[in-house]
Amino acid sequence: MANSLVLLFLALFALSASADVSIDCGASDSYIDENFQVWMGDNDLIQNGESKVVQSGSKVSDHIMSTLRVFTTRKKNCYTIEAAKGEQVLGSEISVCVAQTTPNQFPFISALEMRRLDSNMYNHVDAQYALFLISRIAYGANTTIRSPDDVYDRIWVPAAIGNGLTKVTSDALLIDVNIPDDPPQAVLQNAITTSSTSEYIVLRTNYLPTEEVTVYINMYFSEVAELDSTQNRSFLLYIDNKPESKTIVPPYGSVSEFYISNVTASSNTSFSLVATDDSTLPPLINAIEVFLISDPLTDGTNSNDVEGLASLQSQFSVLQEWGGDPCLPASFTWDWINCSTGARPRVTTLYLSGFDLSGPLPDFSSMDALQIIDLHNNSISEEIPDFLGKFSNLKQLNLADNEFSGPVPASLSQNNKLKLE
């Protein structure tokens, strides 16, 4: 089983989850780990996929990573979690999907953690764009910082310190972090600096792609000592040797944040912190977050079609195995539909032949872009519903080999433009 995992954070997902959720994929029961974190098994969250136990010869000893869920069928399989009103999400549900990108290689997932963010956080980017984390660094830290030091369980990794840079530790007993993005105190207790004002801090960018992309960057600054009247620390941010900021003066016992939005950058872009002419102390930096900004988010599949598909899924339990946006991404539509192209696609075809559907058809007449409906070779019963004759774009309808009773509605039998089987 090769790992061809792709996580698809669909248009329903922006920056946060409805609540703190920790899912142990493949596990059947819930439990509390050694850090008193509650982990849920995923049996009630997803219907498809197979639970597997990681081979005992593996070096993985963590209970969380001892199981996984592998997906051998479906182009796309999704975990769907309800979102709370007012959270930083773009819809009523959050869908996190895995998809197969290479034939005969099966995607799998071992664990899924989703964390709530305050609604004021990361609000310098228009809500029609998503942020994809590239790097989150705590300069000067010796170990990774996350929960319980960060109440949002963001993962801040220590940075490799290059030549000419030194670590410094704050002597402030408390650091006020009362700013919208709420960095944890732990990432502000250390920083990196240079030995003199004539030396720059050059921030590495090798985590960025070689081609230019649109980025959003947060930088956090907190003075490490209470300065006397003869001391001054002030500096500027330079991008490719051009000043791009107002003068930055780190406060003692609190934090200042400088953000960059909608700037294009690549691994060849130079970011430097340079002391001002009147500064007596060299520049410093405590932490940084770097995100890619997505293309404009779409509203997803047309709501009329989503409504109709939901009716079908409610009536026929076998169809409930499909989740996430039905038509997006375009390469990973649900297996039994075809969709039009565009930012807000329409469902144009239902291919439900041989799905062992039984019982009456629910009303899915809201799907008014349908051109082909294929329901043959099932056990659908009761009368042929009259709404099937009201699809103005319908060209082909196949109802053969079912258990319908009663006459064919005139809206179908008298439609000369419709191929009826």
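These questions and answers cover disulfides, ring pairs and strands in a predicted model.

The model is predicted, so local features need pLDDT of at least 70, side-chain atom pairs count only at pLDDT 80 or more, and totals for chains, interfaces and linings use all residues. Residues are numbered from 1 along each chain as its sequence is written, and side-chain values use heavy atoms, with hydrogens and water left out.

Me: What makes Cys78 and Cys97 a disulfide?
Reply: A disulfide is a pair of cysteine sulfur atoms within 2.5 Å. The sulfur atoms of Cys78 and Cys97 are 2.1 Å apart, so the pair meets the rule. Cys78 lies in strand 7 (residues 76-82) and Cys97 in strand 8 (residues 93-100), 19 residues apart. Strands here are DSSP runs of E, at least two residues long; helices are runs of H or I, at least four; both are numbered from the N terminus.

Me: Why is the disulfide of Cys327 and Cys339 called left-handed or right-handed?
Reply: The torsion about its S-S bond is about -75 degrees, so the disulfide is left-handed. By contrast, the link of Cys78 and Cys97 is right-handed, with 105 degrees.

Me: How do you know whether Cys327 and Cys339 are buried or exposed?
Reply: Buried means under 20% relative accessible area, exposed over 50%, and partly exposed in between (1.4 Å probe, protein chains only). Cys327 has 3%, so Cys327 is buried. Cys339 has 24%, so Cys339 is partly exposed.

Me: Where is the nearest cysteine sulfur to Cys25?
Reply: That sulfur belongs to Cys97 and is 13 Å away; Cys25 is in no disulfide. Cys25 has 0% relative accessibility, so Cys25 counts as buried.

Me: Why is the pair of Phe387 and Phe391 called stacked, tilted or edge-to-face?
Reply: Rings of Phe, Tyr and Trp (its six-membered ring) pair if their centres lie within 6.5 Å; planes under 30 degrees apart count as stacked, over 60 as edge-to-face and the rest as tilted. Here the centres are 6.2 Å apart and the planes stand at 75 degrees, so the pair is edge-to-face. Phe387, at 10% relative accessibility, counts as buried. Phe391 is buried at 5%.

Me: What makes strand 3 and strand 4 a pair?
Reply: Two strands pair if DSSP finds at least two bridges between them. Strand 3 (residues 31-32) and strand 4 have 2 bridges and run antiparallel, so they pair. Ile32 has Val38 as its bridge partner in strand 4. The two strands form a hairpin with 5 residues between them.
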